Amino acid sequence: MRTVVALMFVAALTLLAASAVHASLLGPIDPFPGAAPPEALLGVVLAIAAVAAFLSWRAWAFAVVATLLALLGTVYGLTVTVPRGEPGDVVYHVSLLAGLIVAAGLLIRQRGLVD
């Protein structure tokens, strides 16, 4: 379970960092104000779910829903970043997507829903 929580928490931190970058809170690195709020929201929800899952296994359903929500948001983010053609954004979203897929798979497997 620690691996899943760690993956969720790292994903949450990267979403919050991406939100700060897109909101230009760290300077004009990659201003994209439309992406900042959803990334921040997904980051906060995923971080809360990671902490809840770490504290109690009863938060499993919340962890699954938060991870799947972040996964869907990341897929949507790819549909926006690929046409923009920014290699860094595309690599970030693909990496985030891979981590979230692994986390979701481990969450589902951990619960014994898949052999």
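In this predicted model, Thr-81 is part of helix α3, which spans residues 60–84. Thr-81 has a relative accessibility of 4% and therefore counts as buried, the cut-off being under 20%. Beyond its neighbours within four places in sequence, Thr-81 makes contact with Glu-86, Asp-89, Val-90 and His-93. One of these contacts, Asp-89, also takes part in a salt bridge with Arg-84.

The search for salt bridges over the whole structure gave 2. In one of them, the side chain of Arg-84 meets that of Asp-30, at 3.3 Å from N to O. This pair links distant parts of the chain, with Arg-84 in helix α3 and Asp-30 in the loop between α1 and α2, 54 residues apart. The side chains of Asp-89 and Arg-84 also meet in a salt bridge, with an N to O distance of 3.2 Å. Through shared partners, the salt bridges join Asp-30, Arg-84 and Asp-89 into one network. The members of the network can also be described by their accessibility. Arg-84 is partly exposed, because its relative accessibility of 31% falls between the limits of 20% and 50%. Asp-30 has a relative accessibility of 14% and so counts as buried. Asp-89, at 10% relative accessibility, counts as buried.

The loop between α1 and α2 holds Asp-30 and also Ser-24. Most residues other than glycine have a negative phi. Ser-24 is not a glycine, yet its phi is positive, at about 60°. The relative accessible area of Ser-24 is 32%, so this residue is partly exposed. Another serine, Ser-19, lies in helix α1. With a relative accessibility of 8%, Ser-19 counts as buried. When residues up to four places away in sequence are not counted, Ser-19 touches Ala-36, Glu-39 and Ala-40. These three positions fall within the range of helix α2, residues 36–55.

The nonpolar interior was examined next. In soluble globular proteins, nonpolar side chains tend to be buried together. The largest nonpolar core of the model has 25 residues, and Met-8, Leu-46, Leu-100 and Leu-107 are the ones that touch the most other members. Helices α1, α2, α3 and α4 each contribute at least two residues to this core. The greatest contribution to the core comes from α3, with 7 residues. For Leu-107, leaving out residues up to four places away in sequence, the residues touched are Met-1, Val-4, Met-8, Trp-60, Ala-63, Val-64 and Thr-67. Among them is Met-8, which is likewise one of the core members that touch the most others.

Open space in the model was also considered. Rolling a probe the size of a water molecule over the atoms shows where empty space is left. The largest pocket contains about 270 Å³ of space. Its lining is made up of 19 residues, and those that lie nearest the centre of the pocket are Ala-35, Pro-38, Gly-73, Tyr-76 and Gly-77. At least two lining residues come from each of α1 (2–22), α2 (36–55), α3 and α4 (87–110). Helix α3 gives the most to the lining of this pocket, with 7 residues. Sorted by class, the lining consists of 9 nonpolar, 7 polar and 3 charged residues.

Two further residues, both in helices, were compared with positions elsewhere in the sequence. Val-44 is located in helix α2. Its relative accessible area is 40%, and Val-44 is therefore partly exposed. From C-alpha to C-alpha, Val-44 and Pro-28 are 23 Å apart in space, with their positions 16 residues apart in sequence. Ile-101 belongs to helix α4. At 47% relative accessibility, Ile-101 counts as partly exposed, because values over 50% are needed for a residue to be exposed. Ile-101 and Leu-69 are 32 residues apart in sequence, and their C-alpha atoms are 11 Å apart in space.

Conventions: Residues are numbered from 1 along each chain as its sequence is written. This is a predicted model: local features need pLDDT of at least 70, side-chain atom pairs count only at pLDDT 80 or more; totals for chains, interfaces and linings use all residues. Side-chain values use heavy atoms; hydrogens and water are left out. Helices (H or I, at least four residues) and strands (E, at least two) are DSSP runs, numbered from the N terminus. Buried means under 20% relative accessible area, exposed over 50%, partly exposed in between (1.4 Å probe, protein chains only). Contact means heavy atoms within 4.5 Å. On a 1 Å grid over the protein atoms alone, a cavity is a set of points where a 1.4 Å probe fits but cannot get out, and a pocket is an open set with protein on both sides within 12 Å along at least five of seven lines; lining residues have an atom within 4 Å of a point. Grid points are joined across faces, edges and corners, and a volume is the space filled by probe spheres set on the points. Ala, Val, Leu, Ile, Met, Phe, Trp, Tyr, Cys and Pro count as nonpolar, Asp, Glu, Lys and Arg as charged, and the others, Gly among them, as polar. A nonpolar core is a set of buried Ala, Val, Leu, Ile, Met, Phe, Trp, Tyr and Cys residues joined through side-chain atoms within 4.5 Å. A salt bridge is a side-chain nitrogen of Lys or Arg within 4 Å of a carboxyl oxygen of Asp or Glu.
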